[in-house]
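Ready for some practice in reading a protein model? Keep the sequence and the 3D view side by side as you work.

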Amino acid sequence: MRLSFLLLVVGLTTLFPAIGQRPHMLRPFQMGKRGIPYGNYSGITPLGNGQYALVDDKKERCGFHLIKIVQDSMSGKVTDLLYEGFKGEGPALHPDAEDLVYVPSRHSIFMTSEARQTIEEYTCQGQATGYGLDIPPCFSSDSIQRNCGWEALAYDSCNKTFYTITECSLPADGVRTDLRQPLRLISFNELLKPEQEWGYLMEAPRLKSKARYYAHGVPALLYEDNGNIIVMERELRVPSSYIGAKTIIRLFRIHVDDSSILTTTLPLNSAPFDLFLKKEEIASFTTRLNITRRNFANYEGMCFGITLKNGRRTLLLVNDSQGGMGNHLVRLKDYIKVIVL
């Protein structure tokens, strides 16, 4: 009986290798090895045929970088990168572009601006079209925490629906007594009008907030399928000496539908737990800068890569190296990190 069961498991694994396998992470690929310029990369989206658009949140011009990414079809490992230049217009006053999505039906790219708290449309040549999402007043620049606005953007191409969320909780919603931040996930339809809201509750912080630089929020969203969305929660702490810097990246899967729509007008810091979306953690990792480890990376962007021959999907994550901040001894690097789902 036991032998028959083992043979059955082996047979199923051969036919369907993704069954029962947990997500795993591959070693990051250093972008600079292929001549990709140092940047402040905070978002990535696929354009098709291995081409991707990268957004840089410190770029003075509105636009995006184009790169080709080659992945091994069996493992998902990045084997090559090719830089194809910058597409955009300018000059602009530091739009602080944080994320972007490609919209096939419009053959255009929508890009967030945290500085202006807008989400605007651009052609694939980086020219503004004059269109953008109709942002409700409760998410305006005057209604958010400073530098904690539109950091994440996702798109459902089947239903032509946009999803976005502020990096941190709105001042009107506050923070819960357990220090967990309640966020509002909002959708926009194909007419670029707001539709629904859902409550999303972040995990409690794990790092001490007293530091040279500290951040804890949602920097990326990715629409998966059938109402499933992958949410990246990122906590980052950089002490005054820089030594001991650490990031914690956690990926969660949530499901949105009509039954979970948020209807309350009360501040979310006092809302009951059952008003928030249920979440499942699917992957997590840390990066550090200390005596023994120098893999510190502030991952902020996320999109799908190729689907492997065994049917498993790959995620591509990009980090913000602050333009390769550092010196001849230690310098932050730009990476593409692959997670096999």
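Three exercises follow, each with a worked solution.

Before you start, note that this is a predicted model, in which local features need pLDDT of at least 70, side-chain atom pairs count only at pLDDT 80 or more, and totals for chains, interfaces and linings use all residues. Residues are numbered from 1 along each chain as its sequence is written, and side-chain values use heavy atoms, with hydrogens and water left out.

**Exercise 1. The whole chain**

Describe the secondary structure of the chain and how compact the chain is.

Step 1: The chain has one helix and 21 strands (DSSP runs numbered from the N terminus: H or I of at least four residues for helices, E of at least two for strands).

Step 2: The radius of gyration, taken over C-alpha atoms, is compared with the globule rule, 2.2 Å times the number of residues to the power 0.38. The chain's value is 20 Å, close to the 20 Å from the rule for 341 residues, so the chain is as compact as a globular protein of that length.

Step 3: Of the 341 residues, 51% count as buried (under 20% relative accessible area, with a 1.4 Å probe and protein chains only).

**Exercise 2. The largest nonpolar core**

Find the residues with the most contacts inside the largest nonpolar core, and the strand that gives the most to this core.

Step 1: A nonpolar core is a set of buried Ala, Val, Leu, Ile, Met, Phe, Trp, Tyr and Cys residues joined through side-chain atoms within 4.5 Å.

Step 2: The largest one has 19 residues, and Ile-44, Ile-69, Leu-81 and Ile-336 have the most contacts inside it.

Step 3: Strands supplying at least two residues each include β3 (41-48), β5 (62-71) and β21 (335-340). The most come from β21, with three residues.

Step 4: Now look around Ile-69. Leaving aside neighbours within four places in sequence, its contacts (heavy atoms within 4.5 Å) include Ile-44, Tyr-52, Leu-81, Leu-316 and Ile-336.

**Exercise 3. A serine in a loop**

Is Ser-169 buried or exposed, and which residues does Ser-169 touch?

Step 1: Locate Ser-169 in the loop between β12 (161-166) and β13 (182-188).

Step 2: Check its relative accessible area, which is 2%; Ser-169 is therefore buried.

Step 3: List its partners, not counting residues up to four places away in sequence: Ser-169 touches Gln-145, Gly-174, Val-175, Gln-181, Pro-182 and Leu-183.

Note on methods: Buried means under 20% relative accessible area, exposed over 50%, partly exposed in between (1.4 Å probe, protein chains only).
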